[in-house]
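Visitor: I am new to reading protein models, and I would like to walk through this one with some care. Could you take my questions one at a time?

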Amino acid sequence: MVLDINGDRVKLIKIPKSYQIKYLTFSDDKSFLLESGETFGPITVAYETFGTLNEDKSNAILVLHALTGDTHCSSCDDTVGENPGWWDVIVGKGKAIDTNKHFVICTNCFGGCMGTTGPSSINPETEKPYGMSFPLFTVRDMINVQKEVIDSFDIKRLKCVVGASFAGMQVLEWSIAYPDMVERAIVIASAARTSPLIIGFGEVGRNAIMADPDFKDGDYGDRPPVRGLSIARMLAHITYLSRDSLEAKFGRDIRENIADVERLYGSFGPMFQVESYLRYQGKKFTERFDTNSYLYLTKVMDLYELTRGTNDLTINLFSITAKMLVISFESDWHFRPIESYEIVKAMMKLGKEISYVNIDAPYGHDSFLLKNPMMSTVISSFLSNDKSISGDKALLKE
């Protein structure tokens, strides 16, 4: 579906009608300067808000979604309850990020495909999707686009910027690029750079996409390379889980309808429950996400390096004035606790105000999406100025 928003045509992928999405369009004159030196526009940003902005505009919290997320972080204003928010466990009325107290803004990231301009958007000069002609961009470019939304509310200082995984990198970049605008920062299950292991997984996934005959150098039109994208998602999804959680959930269980599997797929069909689960996750993903956006965003994440060649985090964290909370999960091997702790050590070395909690949850990288009383308590305490979580390194049991 293509939607015309203030003159900028944006391809949307199955966004439920009950989402209260708003749109901001800017850079109609193509004046938005990317870190590469290229200028680009027009740009439309999709976002949702939850709660009420107070009179002095001091209660705004920017919630950033992970790699393939969207604007709908909370269903707190959804009376029907048909579309849960991806972070309902944290954001909502009476929750850790309490929308009775705070005004929450959640944007869809630049380069995405859930309402914000990205590779699937229509290039006004060609009347076709940008595809692989979309400009290369960086995490800094992404937060500069988000800042346009914040500026549109005339918010001078954010109560907090919070994000997990790839969004945690964006939180770091916000804190560095706009120190006077960020009062608090929460970085969850993230790192200052992507490890070679995860870069490797990403590269295999991208190659699966580009090897799909339907990819056609990114000009796939209405017939996307679903086989390649599905495989890429299956591979990535494994990195979001933990060995123990897979063992507990599936073990070596065989599907009950094994005869039907052999009839449809032959001997190499999804016989194990874990195989069926991964195929389901891959298929479901192809129904909601654009392939080119996936290629761009995974590459942007892989290229991000906070040290920018200096090999010294303190140099790049020096400008931060925000109070920072870093949360990691013991079973996470996508962004390991030691990678999160590198940020903490550098902040401590600089004498910055930093709190760190490593939570012993068994669900791997995806732990931040699941209900966790410890995570909720820690975030709530941090936002309410409770000093009880401050300190060096702590391993807290769920």
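Visitor: Is F137 buried or exposed?
Guide: This is a predicted model, in which local features need pLDDT of at least 70, side-chain atom pairs count only at pLDDT 80 or more, and totals for chains, interfaces and linings use all residues. Residues are numbered from 1 along each chain as its sequence is written, and side-chain values use heavy atoms, with hydrogens and water left out. Buried means under 20% relative accessible area, exposed over 50%, and partly exposed in between, with a 1.4 Å probe and protein chains only. The relative accessible area of F137 is 6%, so F137 is buried.

Visitor: A search of the whole structure finds 19 aromatic pairs; what kind of pair do F137 and Y296 make?
Guide: Rings of Phe, Tyr and Trp (its six-membered ring) pair if their centres lie within 6.5 Å, and planes under 30 degrees apart count as stacked, over 60 as edge-to-face and the rest as tilted. For F137 and Y296 the centres are 6.1 Å apart and the planes are at 5°, so the pair is stacked.

Visitor: How many residues apart in sequence are the parts that this pair ties together?
Guide: Helices (H or I, at least four residues) and strands (E, at least two) are DSSP runs, numbered from the N terminus. F137 lies in the loop between β12 (128-129) and α1 (139-152), whereas Y296 lies in helix α8 (residues 291-303), so the parts tied together are apart in sequence by 159 residues.

Visitor: Which residue lies over the face of F285?
Guide: F285 forms an edge-to-face aromatic pair with Y294, at 5.6 Å centre to centre and 70° between the planes, and both F285 and Y294 are buried. A charge sits over a ring if NZ of Lys or CZ of Arg is within 6 Å of the ring centre and within 35 degrees of the ring normal. At 4.3 Å from the ring centre of F285, the residue over its face is R233.

Visitor: Which helix gives the most to the largest nonpolar core?
Guide: A nonpolar core is a set of buried Ala, Val, Leu, Ile, Met, Phe, Trp, Tyr and Cys residues joined through side-chain atoms within 4.5 Å. The largest has 76 residues, and those with the most contacts inside it include I105, F110 and W174. With seven residues, the helix that gives the most to this core is α2 (residues 166-177).
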